[in-house]
Amino acid sequence: RDRPPTAGAWCSKVSGHSHMSGEEASPAVEATAEDAGEVFLRVASSDAFVSMENGLEQLIIKSHWRGEDVLVVRHTETGRVWATGNSCPHAGYALNEGDIEDVGQHLEFALKLDAPVISCPAHSYIFEMRRGTCVSEPKCPGTTVYGARMHGDGSVLITQVPREGGEVDTHVLTRDESNKVQLKMVEIALNKKYGSGP
């Protein structure tokens, strides 16, 4: 899989006056009921995404001021975007190096996650991108989650301040459902590596 490009610095605020050195601030974007009171940052353009060839595409934002890179994933069909800290809270590995899948297209009950899931490349801990919850280990802290959306001009926007994440016991799946998600992620990974069976 191709490595996604990185955005070298945070771009301008959608509201307020902070912006990258030497650049003009982007025009303000009218807040909606969903994001009223939040400051969104323009962090990249849509052409920065790299396809993962599974209906999803990703990019990495280098966050020098927060000390945490941010992984942004977009669904190619619906255009929805999610953003999460790219460091696994269990062992610190880069999550974008693992498998990222929309398991809802394989397991109907997983649709209630309402987001893709990520399998950490180190120990296969699985995190869902809407809440940051670790699906595979109830006591593992979750990832940091940012609000994310696309602007009409093609810009990728994420919130300046995380919305949630890093908590435990925020699960929406039963233990049995979580186990099935884990098994499905393993199956998908094996099929990618060795091909699907007869």
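Which side chains meet in a salt bridge at 3.1 Å, N to O? I looked this up before anything else, and I found that the side chains of E177 and K112 are the ones that meet at this distance. The pair links distant parts of the chain, since I locate E177 in helix α1 and K112 in the loop between β7 and β8, 65 residues apart. I then checked the accessibility of both partners: E177 has 14% relative accessibility and therefore counts as buried, whereas K112, at 39%, counts as partly exposed.

**Entry on confidence.** I note that I am working with a predicted model, and I looked up how far the predictor trusts it. The mean pLDDT of the protein chain is 79, and 75% of the residues reach 70 or more. Among the elements, I found the lowest mean pLDDT, 49, in strand β1 (residues 6–7), and the highest, 96, in strand β5 (residues 70–75). Over residues 8–33 the pLDDT stays under 50, and I recorded that the model has 50 contacts beyond four places in sequence for this stretch.

**Entry on the overall fold.** I counted 1 helix and 13 strands in the protein chain, and reading along the sequence I saw that the strands precede the helix, which ends the pattern. Of the 198 residues, 43% count as buried. When I took the contacts with a separation of 6 or more, residues 24 or more positions apart accounted for 57% of them. For the surface I noted about 10100 Å² exposed by the protein chain, with carbon and sulfur atoms supplying 48% of it.

**Entry on helix α1.** I turned next to helix α1 (residues 175–194), which has 20 residues and reaches 29 Å from its first C-alpha to its last, close to the 28 Å expected at 1.5 Å a residue. Its buried residues, as I listed them, are E177, S178, V181, K184, M185 and I188. Looking down the axis of α1, I found that these buried residues fall within an arc of 120°, so they line one face of the helix. What covers them includes β7 (99–101), β8 (117–119) and β9 (126–128). On the face turned away from the buried side I found the exposed residues L183, K193 and Y194. After α1 comes G195, for which I noted a positive phi, near 90°.

**Entry on the other salt bridges.** I recorded 12 salt bridges in the structure. One of them joins E57 to R74, with the closest N and O atoms 2.6 Å apart. This pair also links distant parts of the chain, with E57 in strand β4 (residues 56–61) and R74 in strand β5, 17 residues apart. I asked of each partner: is E57 buried or exposed? At 12% relative accessibility, E57 counts as buried, and R74, at 16%, counts as buried too.

Within the helix I found a further bridge, in which the side chains of K180 and D176 meet at 3.4 Å, N to O. Both residues lie in helix α1, 4 residues apart, which is about one turn of the helix. K180 counts as partly exposed at 40% relative accessibility, and D176 is partly exposed as well, with a relative accessible area of 44%. I also noted that salt bridges that share partners join R80, D114 and R130 into one network.

Terms used. Residues are numbered from 1 along each chain as its sequence is written. This is a predicted model: local features need pLDDT of at least 70, side-chain atom pairs count only at pLDDT 80 or more; totals for chains, interfaces and linings use all residues. Side-chain values use heavy atoms; hydrogens and water are left out. pLDDT is the predictor's confidence in each residue, from 0 to 100. Helices (H or I, at least four residues) and strands (E, at least two) are DSSP runs, numbered from the N terminus. Contact means heavy atoms within 4.5 Å. Buried means under 20% relative accessible area, exposed over 50%, partly exposed in between (1.4 Å probe, protein chains only). Accessible areas come from the Shrake-Rupley method with a 1.4 Å probe; for residues, only the protein chains shown count as cover. The expected span of a helix is 1.5 Å times one less than its number of residues. The arc is that of the directions from the helix axis to the C-beta atoms. A salt bridge is a side-chain nitrogen of Lys or Arg within 4 Å of a carboxyl oxygen of Asp or Glu.
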